[in-house]
Amino acid sequence: MKKVAILQSNYVPWKGYFEIVAAVDEFILYDDVQFTKNDWRNRNRVKTPSGAQWLTIPVGSSIHRQIRDVTFTDTVWAQRHWKTLCANYQGAKAFTEIADWLAPRYLGNQHTHLSMFNRELIESICAFLEIDTKITWSWDYAMTQGKTERLISLCQQAGANVYVSGPSARNYLDETAFEAAGIGVEWVQYGPYREYPQLWGPFIHEVSILDLLFNCGRQSAQYLNCSRT
């Protein structure tokens, strides 16, 4: 049995994203679809003394492009983001441990495209969490027309017989089409989550996984509901 998940790349995603990555044999980054504004592709939240704060990568507002074609609109945003992360997490227990491998990815960033930067961070975080799932691009495979048809085709080309999805897709995913193609559908149910030692007031689960990593370091995986690590 081979399990596949297909999702757009996100900027330093929350822990639930990595649970999906860990639950499958192959994780396909679906970045040859339309970019959406004010979404997780180029922003996420971190914890600060005044609550959750957005970290947003400047990429312009046009939605008339695919995610894979989105480029950065300034050259110093990565340094700003790293400065913000340092200001809010330098007092965290595992800050130095995480900064050792994360800082160079910000301060030495040579990427011009959002997809490439997101993938580098996702793969780096997976490596730290010892998630060894194969990660590929959707354009590594042949294009098929139709939203559902393409997802099914990607599963078939990847040799998968199970498609794993987050709970929000229940509202639109055509399960019968997958079943007709001989592909089962499994749903990831986020939570319940244990709280971990988190800086700055009342606990918030809905933040970037960086919050968990800075606070817990090598113990971070203990706070994920991963079926495959």
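Two strands are taken to pair if DSSP finds at least two bridges between them. By that criterion, five strands of this predicted model build an open sheet, and its order reads β5-β2-β1-β6-β7 with parallel pairing. The edge positions belong to β5 (134-137) and β7 (184-187); each has a single partner strand, so one side of each is left without a neighbour in the sheet. From one strand to the next, the twist averages 30 degrees.

A good place to look at the pairing is the β5 end of the order. Here β2 (residues 26-29) joins β5 in the parallel sense over four bridges, and E26 is found opposite K134 of β5. Helix α5 (residues 147-157) packs on the sheet, where β1, β2 and β6 (162-165) are touched by this helix. The direction of α5 makes about 140 degrees with that of β1. Another helix, α1, lies across β1 (3-7) and β2, and runs at about 125 degrees to β2.

Helix α7 (residues 209-216) offers a handy view of the interior, being mostly covered, with eight of its eight residues buried. The buried residues are I209, L210, D211, L212, L213, F214, N215 and C216, so defined because each has under 20% relative accessible area. Their packing partners are α1 (15-22), β3 (43-48), α2 (77-89), α3 (95-107) and α4 (114-129). Helix α1 thus appears in both settings: α1 lies across β1 and β2, and α1 is also among the elements against which the buried residues of α7 pack. Just after α7 comes G217, whose phi is positive, at about 55 degrees.

Definitions and conventions: Residues are numbered from 1 along each chain as its sequence is written. This is a predicted model: local features need pLDDT of at least 70, side-chain atom pairs count only at pLDDT 80 or more; totals for chains, interfaces and linings use all residues. Side-chain values use heavy atoms; hydrogens and water are left out. Buried means under 20% relative accessible area, exposed over 50%, partly exposed in between (1.4 Å probe, protein chains only). Helices (H or I, at least four residues) and strands (E, at least two) are DSSP runs, numbered from the N terminus. Contact means heavy atoms within 4.5 Å. Axes are lines fitted to C-alpha atoms, for helices over the stretch in contact, and angles run from 0 to 180 degrees between N-to-C directions.
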